[in-house]
Every structure is written in structure tokens, then in C-alpha cells.
Amino acid sequence: MDYSKLLNPEQLKPVYDTQGAVLVLAGAGSGKTRVLTYRIAYLIEHDKVEPYNILAITFTNKAANEMKERVAAVTGAQGVWISTFHSLCAKILRMEIAVTGKYTANFSIYTDSDSDKIVSRIIKELGVEDGGELKKQIRFHISNAKNHALSPQEYAKRINGMPHADVIARAFAAYERQLEANNALDFDDLILKTLLLFKDYPDVLKKYQERFRYVHVDEFQDTNKIQFLLVRMLTGKYGNLFVVGDDDQSIYGWRGAEVGNILDFKKHFAGCRIYKLERNYRSTSNILDLANRIIAHNSERMGKTLWTESEKGVGVTYRSLYDDRQEADFVLGEMMSLMRYNGYKAGDFAILVRQTALTRLFEEKLYLYNLPFRLIGGQKFYERKEIKDVLAYLKTIANPRDKESLVRIINVPNRKIGEATVAKLALACSENGYTMLEGLLHFDDLGFTGATKTKLEPFAELMKDLIAHKDMPLYDFVQYADEKIDFCKDYDRSEDEGLSRIENVQQLFSSIREFSKDNPEAGLEEYLQSVSLVSDTEEEEGEDKVTVATVHGVKGLEFRCVFIVGLEEGVFPSLRASTTEKELQEERRIMYVAVTRARERLYITNAQRRMRFGRIESGQASRFLTEGGFISPIQSYPRPDRRGELQPSFGKSVDDLVQRPKPQRSYNTPAVGSTASVQSAPAVRNADVSRFKVGMTVEHSRFGVGVIESITGENAKIRFEGLGVKTFNMRLAPIKIVS
């Protein structure tokens with residue numbers, strides 16, 4: 001095989017370097033998987049290494065399967081062990097764990113739900129009250145301890161002084177005893193128990209060191225402490241370790257990844273060689289220049305500069321919009337223009353967000369304008385638990401016979417109302433001829449006493465109160481309900497997950513406020529009907545869909561055109577980035593990953609005003625816009641004080657600073673690298689919006705027939721029977737005139 005014809009000179013060097021420790025710093029789009037594949041092929045073909053003695057570790061089953069296919073296609077060899085860390089360890093434990101005397105080879109591997117049940121039972125046995133958050137904390141700490149190779153006793157010392165430290169330590173110890181008694185391991189145990197097996201039984205370790213004389217690790221920047229220790233143990237005899245990674249794409253610190261594993265590679269593996277793959281085969285020069293400018297502001301990096309032989313391409317477009325609704329319209333407008341004039345398809349686009357709460361507007365706009373989409377990195381907005389909980393309250397008030405919604409909310413937030421108490425309520429209501437809500441409204445008729453009455457009566461009073469106020473204006477009622485219920489009571493603001501759920505609820509409130517503004521006379525029923533059309537939409541068939549995703553969700557993917565939205569301080573970079581320099585540098589790496597997803601076109605947007613946490617906030621432009629060269633570096637960004645609390649920034653807002661370069665469009669010429677013809681693009685929807693008049697009857701492809709109530713510029717408010725008023729950009733909307 002002539003490798004010089006298959007790889008470029010930079011890729012060839014590490015492929016030929018087969019002995020000892022080798023680190024390949026592989027930039028985005030530089031062909032790292034290709035290098036890994038041909039390195040294995042070279043070992044087999046040139047160095048005559050038996051496939052049996054080669055190990056390759058990836059992070060996902062998909063990546064492992066793809067590598068298996070590539071290696072088989074290139075070498076034709078069988079026997080190379082290619083798997084994820086967890087799969088590798090599970091196989092080793094099946095063969096070796098019996099030597100410990102604690103587990104047998106037929107051990108069970110518990111899922112997250114299995115572990116949740118055990119922790120819930122332990123909490124009850126400890127006599128501790130929990131609304132669900134304590135269980136999450138305990139599960140987090142158990143996983144955190146195992147990923148740092150700490151026993152319950154060691155971890156108890158580590159968390160001493162933290163809230164609930166004693167309960168967490170006792171629950172962790174009880175959890176470990178329960179798993180051992182059940183001959184079971186959880187997912188985190190697979191690597192940890194393998195590590196401990198190698199440590200306590202040197203003969204077992206020696207066996208696998210002899211087996212795996214050449215070890216390869218993909219995405220090395222994503223390894224955590226115990227994964228790193230496992231790799232060091234496996235390569236301890238022969239020292240042949242080949243790792244591929246990119247410190248600039250280390251974005252999983254929140255789940256334990258240690259960027260130091262790659263930054264300190266030289267310290268851990270003396271005499272190692274480091275190669276850099278900087279030639280990018282994915283993006284245009286303009287996109288790579290932006291990525292390089294931004295990531296250069298990180299001090300903790302090994303340093304590399306992406307470059308390409310392809311042309312500069314279309315310039316990166318930055319736009320600052322008045323508010324988040326205008327931001328969403330701008331994005332969809334650019335998409336449709338590119339589809340019409342440059343031959344793009346829906347599947348060529350990705351809208352990337354830093355926070356899941358930002359997806360709501362884009363989901364709704366894509367639905368309004370009839371563009372199919374898929375969501376990566378989270379559930380669709382109206383499928384999220386916290387959103388379903390709030391809507392279940394509204395459904396219960398709107399429809400007194402909706403038993404399912406009432407059962408969903410009876411213990412949300414936590415009221416210590418368990419399934420047994422709900423069953424008693426259902427039985428009593430049935431015996432008295434009431435629906436469950438009617439029974440609560442006539443609570444005294446049910447004859448409850450003692451603990452059952454104590455638990456249910458406050459909820460019954462709440463429902464009476466809400467029913468009495470249901471005729472308030474819609475948004476006023478939702479605010480009133482929140483004051484009485486406190487929908488976010490169970491969510492911990494100090495944790496990312498809790499903060500995300502709170503912001504999602506506030507985004508829902510924002511959507512209700514928008515709906516109420518357009519439909520001042522609408523009530524609960526009309527709002528819920530409108531929501532149901534969006535939330536209950538069936539998944540579109542086919543792959544030609546716009547991707548809406550978190551940046552983490554698209555790592556490893558690429559798109560012809562990418563929109564990175566929400567470039568404001570506190571959004572991207574996220575609020576937590578103002579706490580430590582380490583977290584800020586990870587945010588910058590996340591931005592770098594987002595930029596390098598784009599092949600041909602890149603748009604970056606922010607909103608000068610955005611609804612967040614229940615109020616309209618004027619946003620401060622993201623520092624990444626300054627670092628990217630879009631706005632002048634004259635802003636002051638929030639920094640932590642000595643206690644780590646954010647201090648106010650006195651920098652100017654986006655309104656004062658933002659430059660508004662005219663979007664670069666090339667509507668009359670094909671996009672760079674485009675093979676689609678203009679003729680294959682969809683028809684123009686409404687090139688001439690002046691033909692729409694107030695009072696016209698129009699038809700929307702999903703909502704049916706409606707009447708235009710008002711027109712402001714390109715935007716029109718259209719009333720649909722049973723759905724209320726919806727606002728459309730008439731240039732984009734799939735609407736035709738009926739009369």
C-alpha cells in the first residue's frame with residue numbers, strides 16, 4: 001500500500017512513528033480518523049503486528065463501528081479490538097471479575113433507572129425527606145466519586161462540610177453494599193472495577209498488557225481521570241500508546257473530562273512525540289480565520305493554527321437584531337433565501353445554541369414557516385418535563401375531566417403525596433360520583449381524616465383558588481398560578497440542570513405573554529389548542545431537515561451553513577463562565593467547536609433584548625464578538641469577586657456598541673462548492689408582500705383559513721378560528737390569498 005498517495009505529509013509522519021508514545025493534535029476537519037485507520041493498517045502491513053495485539057478505543061458505539069468498518073476495508077484483517085471504554089471493560093470484567101470473590105461473571109449491569117430505584121429506596125430507609133433533588137444530588141456524587149476513583153470513605157472526606165454531606169456519604173456506602181449483594185455493577189463501575197482489578201491482581205494486568213501491545217485512543221481530550229489511569233496501566237509494559245485529540249475541542253469538563261490529560265501528555269509519557277494536523281479539509285479560509293482568532297485567546301492550550309488550501313469563501317456574517325423574535329426571523333429568512341437562490345436544502349442548515357431554552361423560538365418559527373427540523377442535544381421544548389408539568393396545570397383548570405393531567409401535577413412541586421394517597425383519592429371520588437378535580441373542589445364530602453387529609457387538603461385548597469381565578473386574563477392567570485404554586489420550587493439554581501429547567505419555564509411564560517399580547521381576549525382553551533399544534537406534530541419523514549442543536553450535540557458533525565445564535569454575555573459564554581478562568585476557557589472552546597462545524601457559510605447573531613428569567617433583558621454583546629473582530633474591544637465583562645459572586649458590569653450594551661454590517665449574500669451565483677441548481681430550489685413564497693391587505697382571507701398550509709387583522713412592514717397578524725392570532729413575516733410564511 002502506498003501511504004504517500006493516501007495521506008498528506010503531516011498525516012504520514014505519525015502513521016510511520018509506531019514505537020513509544022505518540023500524540024497527534026488533530027484540528028477540526030483534519031482527517032484524524034483517517035490517520036488512526038491507516039496507522040493500524042501500517043502496523044499490520046509494515047511492522048507485521050498481529051491484529052490480536054492491537055487495541056483502539058473510541059467514545060461512542062457509532063464511532064467504534066465506523067472505525068471497524070474502515071479498518072476492515074483498508075486492511076482486510078480480523079481481530080483488532082475496537083470498542084468504547086465501557087465495552088472494553090465490560091468484556092474484561094466478564095472474563096476476570098470472578099477472581100475478586102465479590103462478583104461472578106454473570107453480573108448485571110444496572111441502567112440509570114435501576115440505580116435511581118436503589119437510591120430512592122435507600123433514601124426512604126435513611127428516613128430522609130426528598131422531593132427528587134436529593135436523589136439527583138446523590139446520584140451525581142456517586143458518579144463523580146467513581147470517575148475520580150474514590151471509595152465511599154475517601155469521598156466522604158472530600159465533601160465534608162457540603163450540604164447533605166452526611167446523607168450523601170451514607171447513601172453512597174449503602175448503594176455500594178446493595179450492588180455487591182445483587183452481583184451488579186452500574187455504568188461507572190465498568191471502568192472503575194477494571195482499574196481496581198488491574199491494581200489488585202497484577203497477573204491479570206500483565207495478561208492484558210501482553211495482549212494489547214499497541215493501544216490507540218481517539219478523542220483523547222475527552223478522557224477523564226480513571227480512563228486516563230486505565231490507559232496508563234495497559235501501556236505500562238510496552239509503552240506503545242497512540243492518541244489522537246484536540247485540546248481546543250475539549251468541551252466536556254462538566255462531565256469529568258480532563259483537558260490536562262492532553263495538555264500534560266509530555267509529563268506523563270517521557271520521550272513522547274507530538275504531531276500537529278493543522279490542514280483542514282472542511283471549512284473555508286474565512287471560517288477558519290475566525291476560529292483561530294477566537295481560540296487564540298485561551299492561554300491553556302498547546303497551540304495550532306488551522307489552514308486550508310480551499311478558497312476564502314463567503315465572509316462570515318454577523319448581525320445584531322432588536323430582539324430574540326427578530327433574530328429567529330432573520331435566521332429563517334436567510335435560510336429561505338439560500339434555498340431559493342443558492343440551491344441549499346433544509347438538511348444543509350444547523351442552528352446552534354449554547355442553552356437549550358433558546359430552541360423554543362426557533363422550533364416554533366420553523367413550524368410556522370413549514371420547515372422540517374430535528375433537535376439534537378435535548379428534547380423538543382414542549383416535550384421537556386418542566387414544560388409538561390406547567391401545561392398539565394393549565395389543562396387541569398381548562399378541562400376538569402382531565403384525570404391524567406391532574407395525577408401528573410398532584411405532587412409537583414413535591415407535596416409528599418404518593419401513589420397510595422392518589423389511589424385513595426381516586427377511589428373516594430369514584431364512590432361519590434365525582435371526577436378527581438370535582439372531588440377536590442368538594443373535598444369535605446370525601447370524608448378523609450388523619451395523614452391523608454393533611455396531605456391532600458392543601459392541594460384541594462390550591463385547586464379551588466385556581467378555579468376561582470381562571471377567568472383572569474391568560475398571562476395574568478399564569479403569573480398568579482406561579483405565585484401560588486412556585487413551579488420552579490424543586491429546581492436547584494446552583495446546578496446547571498436546575499438553572500436550565502428554570503429558564504425553560506420562564507421561556508414558556510414568555511411564549512404565553514407573546515400569545516396574550518397577540519390575543520388579548522384568548523383564554524386557556526385557545527392557548528392550549530395553539531400549543532397542541534406545535535407540541536403534537538408528528539416527526540417528518542426523511543433526512544432533509546434543519547438541525548436545531550446545542551453545540552455539544554453536534555460535535556463531530558458538519559453542515560454547509562451554520563447559524564450560531566444568542567451571542568450575548570451570560571448566554572454564550574454562559575453565566576457560569578464568569579466564575580473562573582477555567583470555565584471561560586471551556587466556553588471559548590465550545591465557541592471554537594461551533595464555528596468549525598460550518599463548511600461554506602457561517603452566520604453569528606445576537607439579540608439586543610431577550611426574554612430571560614421572566615423579564616426582558618438588554619443583552620451585552622458576547623466577548624467572543626470582540627475576540628472575533630466584529631465589534632470594538634471597549635467593553636467591560638462581569639468578573640467574580642473574592643466570594644465568586646458576580647459583580648455588575650458597567651460596560652456598554654449592544655445598543656451602544658454594535659456594528660451592523662450588511663449581510664453578505666450571493667443570490668445570483670451558486671454557493672461555494674454547491675452542486676445543486678437554482679432550478680431545484682423551492683418556489684419563492686411571497687416575494688411581493690405588498691399584495692397582502694388587512695381584511696384579506698388567507699390560507700396557511702397547517703393552520704387553515706384565517707383573516708389578516710393588521711400589517712406592519714413585512715409582518716402581519718392573522719386570526720385563525722379556534723387558534724387565535726399568530727404573527728408572521730409574510731415574506732417567509734407559507735400563506736396564499738383566498739379572497
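# A walk through the predicted model

Helix H1, which spans residues 9-16, lies across the strands E1, E7 and E8 and runs at about 155 degrees to E8. This is a predicted model, and the three strands just named are a good place to begin reading it. They belong to an open sheet of six strands, whose order is E3-E2-E6-E7-E1-E8 and whose pairing is parallel. The edges of this sheet are formed by strand E3 (81-84) and strand E8 (273-277), each of which pairs on one side only. From one strand to the next, the twist averages 15 degrees.

Within the six-stranded sheet, one pair of neighbours can be followed residue by residue. Strand E1, made of residues 21-26, is joined to strand E7, made of residues 241-245, by five bridges, and these two strands run parallel. A reader who wishes to find this pairing in the structure may start from Leu25, whose bridge partner in E7 is Gly245.

A second sheet offers another arrangement. It is an open sheet of five strands in the order E19-E18-E17-E16-E20, with antiparallel pairing. Its edge strands are strand E19 (724-729) and strand E20 (735-737), each pairing on one side only. Neighbouring strands of this sheet are turned by 40 degrees against each other on average, if direction is ignored. Strands of a sheet, in general, pair through backbone hydrogen bonds, and they do so either parallel or antiparallel. Here, strand E16 (residues 697-700) and strand E17 (residues 704-712) run antiparallel and are joined by four bridges. Along this pair, Val698 stands opposite Gly706 in E17.

From the sheets we can turn to the helices, beginning with one that is described by its surroundings. Helix H11, which covers residues 225-234, has seven of its 10 residues buried, so it is largely enclosed by the rest of the structure. The buried residues of H11 are Ile226, Gln227, Phe228, Leu230, Val231, Met233 and Leu234. At its N-terminal end, H11 is capped by Asn224, a side-chain oxygen of which lies 3.3 Å from the backbone nitrogen of Ile226.

Other helices are best read in pairs. Two packed helices are described by the angle between their axes and the distance between the axes. For helix H6 (residues 133-147) and helix H8 (residues 165-181), the axes come within 10 Å and cross at roughly 70 degrees. H6 and H8 are therefore roughly perpendicular to each other, and H6 passes H8 in a right-handed crossing. On the side of H6, the contact is made by Leu134, Gln137, Ile138, His141, Ile142, Ala145 and Lys146, while H8 contributes Val167, Ile168, Ala171, Phe172, Tyr175, Glu176 and Leu179. An α-helix has 3.6 residues a turn, so residues three or four places apart point the same way.

The second pair consists of helix H21 (residues 450-468) and helix H22 (residues 474-485), whose axes come within 11 Å and cross at roughly 165 degrees. That angle makes H21 roughly antiparallel to H22, and the crossing in which H21 passes H22 is right-handed. The contact involves Leu462, Asp465 and Leu466 of H21, together with Phe477, Tyr480, Ala481, Lys484 and Ile485 of H22.

The loop that comes after H22 holds a point of backbone geometry. Asp486, found in the loop between H22 and helix H23 (496-518), has a phi near 60 degrees, which is a positive value in a residue other than glycine. With 36% relative accessibility, Asp486 counts as partly exposed.

The loop between helix H18 (403-409) and helix H19 (419-431) deserves a similar look. Pro413 lies in this loop, and a cis peptide bond, with omega at about -10 degrees, joins Val412 and Pro413. Lys416 also lies in the loop between H18 and H19, and its phi is near 65 degrees, a positive value in a residue other than glycine. Lys416 is partly exposed, its relative accessible area being 46%.

Another cis peptide bond completes the tour. The bond from Phe572 to Pro573 is cis, with omega near 10 degrees, and Pro573 lies in the loop between strand E13 (559-564) and helix H25 (581-595).

Note on methods. Residues numbered from 1 in each chain as written. Predicted model: local features only at pLDDT ≥ 70, side-chain atom pairs only at ≥ 80, totals over all residues. Heavy atoms only, no water. Pairing = 2+ DSSP bridges. Axes fitted to C-alpha atoms, helices over the stretch in contact; angles between N-to-C directions. Buried < 20%, exposed > 50% of the residue type's maximum accessible area, 1.4 Å probe, protein only. Polar contact = N/O pair within 3.5 Å; in protein donor to acceptor, adjacent residues only side chain to side chain. Parallel < 35°, antiparallel > 145°, perpendicular 65-115°, else oblique. Left-handed = near helix turned anticlockwise from the far one by under 90°. Contact = heavy atoms within 4.5 Å.
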